[in-house]
Amino acid sequence: MQDTLTHPLDAPDAKPFEVAAQAAEDIARLTGVDHHDIALTLGSGWGKAAELIGETVATIPATEVTGFSKPALEGHVGTLRSIRTASGKNVLVIGARTHYYEGHGVRRVVHSVRTAAATGAKIMVLTNGAGGVRETWKPGQPVLISDHINLTADSPLEGATFIDLTDLYAKRLRDIARSIDPTLDEGVYTQFRGPHYETPAEVQMAKTIGGHIVGMSTALEAIAAREAGMEILGFSLITNLAAGIQKTPLSHAEVIEAGQQAEPVISALLARVIEAL
Ligand code: HPA
């Protein structure tokens, strides 16, 4: 475990991709699995998927891997797991997300994604719990992310790194997901900084500019995943309708509860999608 002063990503001359390469070596050593094919970040509500994807080869505390920080939040598991699917693919399950709102900087936010790429993963599956802007959506419903709007005013890219974000959430992968569940709807994920939930006015703004989902994670991670050359599949669990769309106040307890209720169904769906990738 690293504290703020000695964290390997915080030094001004830190090289994020070298730290990620070191982390990938740690994972290979600690799990005994020398490369992974797919990486999966589990957000709130998606945790049970890890049980259903295949056989767990190793589970390691994220804090033993270079550059990973302690989980900030209850409900976010601080482990990394290597799972082997029935068809023989190695899946790295990341249960240790660092959120932008924690204030440790964007390098730490995307370290898990860069590490996933360094383990060899070609596909990054990002999941989250989020608010729904579309009135027809119901809490407990999973939706595919079709694109995003990044309202953090930040980027994981450093220097003059110009990366194309067309088809960021690959249509190819969304089509595979829909071949498993044709009822899956999709929408544009709008990342706010958080950790406060949005005001109703901000939700209306998100809607006006083309957003359908509001959340506090995925967009920055997706950009880093694309930079690292991975194909991205994004899923949001709608844990609540966004502020002002639902008439009652939002609460973290409500978000966690919706996640827990939906967990068996969406985890089973996710496991089937992973097997089909
Ligand atoms: N807004 C932002 N993040 C969220 C929400 C929301 O309504 N619900 C769960 N995460």
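Let us start with alanine 28, which is found in helix H1, residues 16-31. The model shown here is a predicted one. Is alanine 28 buried, partly exposed or exposed? With a relative accessible area of 23%, alanine 28 is partly exposed, because buried would require a value under 20%. Leaving aside residues up to four places away in sequence, alanine 28 touches Val33 and Asp34. To give a sense of distance, alanine 28 and aspartate 185 are separated by 157 residues in sequence, and their C-alpha atoms are 37 Å apart in space.

I turn next to the ligand and its surroundings. Which residues surround the ligand? They are Gly129, Ala130, Gly131, Tyr197, Glu198, Val214, Gly215, Met216, Thr239, Asn240, Leu250 and Val255. Three strands, namely S5 (123-132), S8 and S9 (231-241), each supply at least two residues of this shell. Strand S5 gives the largest share, 3 residues.

Several polar atoms of the protein lie close to nitrogen atoms of the ligand. A polar side-chain atom of asparagine 240 is 2.7 Å from a ligand nitrogen. For glycine 129, a polar backbone atom is 3.3 Å from a nitrogen of the ligand. In the side chain of threonine 239, an N or O atom is 3.4 Å from a ligand nitrogen. As for coverage, the ligand on its own has 260 Å² of accessible area, and the protein covers 95% of that.

Let us move on to threonine 218, in the loop between strand S8 (213-215) and helix H6. How much of threonine 218 is accessible? Its relative accessible area is 0%, so threonine 218 counts as buried. The side chain of threonine 218 makes a polar contact of 3.1 Å with the side chain of serine 217. Beyond residues up to four places away in sequence, threonine 218 touches Arg97, Leu126, Asn128, Ile145, Tyr169, Tyr189 and Gln191.

After that loop comes helix H6 itself. How many of the 9 residues of H6 are buried? The count is 8, and H6 is therefore mostly covered. The buried residues are Ala219, Leu220, Glu221, Ala222, Ile223, Ala224, Ala225 and Arg226. They pack against helix H3 (106-118) and against strands S5, S6, S7 and S9. Following H6 is glycine 229, with a positive phi near 90 degrees.

My next topic is charge pairing. Side chains of opposite charge can pair when their charged atoms come close. How many salt bridges does the structure hold? The total is 16, and I shall describe three pairs.

In one of these, arginine 81 meets glutamate 51, with an N to O distance of 3.1 Å. Arginine 81 belongs to strand S3 (residues 79-84) and glutamate 51 to helix H2 (residues 49-53), so the pair ties together parts that are 30 residues apart in sequence. Arginine 81 is buried, at a relative accessible area of 17%.

Another pair brings us back to helix H6. Aspartate 164 forms a salt bridge with arginine 226, and their closest N and O atoms are 3.9 Å apart. Since aspartate 164 lies in the loop between S6 and H4 while arginine 226 is in helix H6 (residues 219-227), this bridge ties together parts 62 residues apart in sequence. Aspartate 164 is partly exposed, with a relative accessible area of 48%, whereas arginine 226 is among the buried residues of H6.

The remaining pair is arginine 174 with glutamate 186, whose closest N and O atoms are 3.1 Å apart. This pair links distant parts of the chain, with arginine 174 in helix H4 and glutamate 186 in strand S7 (residues 185-191), 12 residues apart. Arginine 174 is buried, having a relative accessible area of 9%. Glutamate 186 is partly exposed, at 24%. Both residues belong to a network of salt bridges that also links Asp167, Lys171, Asp175 and Arg178.

Finally, I come to the surface. Which residues make the nonpolar surface patch of about 230 Å²? Leu151, Met205 and Ile209 make it. Leucine 151 is located in the loop between strand S6 (141-150) and helix H4 (171-180). Its relative accessible area is 33%, so leucine 151 is partly exposed. That value also allows leucine 151 to belong to a patch, because patch residues must have over 30% relative accessible area.

Terms used: Residues numbered from 1 in each chain as written. Predicted model: local features only at pLDDT ≥ 70, side-chain atom pairs only at ≥ 80, totals over all residues. Heavy atoms only, no water. Patch = residues over 30% accessible without salt bridge, like charges linked within 9 Å, V, L, I, M, F, W, Y side chains within 5 Å. Areas by Shrake-Rupley, 256 points an atom, 1.4 Å probe, with all protein chains shown as cover. Salt bridge = Lys/Arg side-chain N within 4 Å of Asp/Glu carboxyl O. Helix = DSSP H or I, 4+ residues; strand = E, 2+ residues; numbered from the N terminus. Buried < 20%, exposed > 50% of the residue type's maximum accessible area, 1.4 Å probe, protein only. Polar contact = N/O pair within 3.5 Å; in protein donor to acceptor, adjacent residues only side chain to side chain. Contact = heavy atoms within 4.5 Å. Near = heavy atom within 4 Å.
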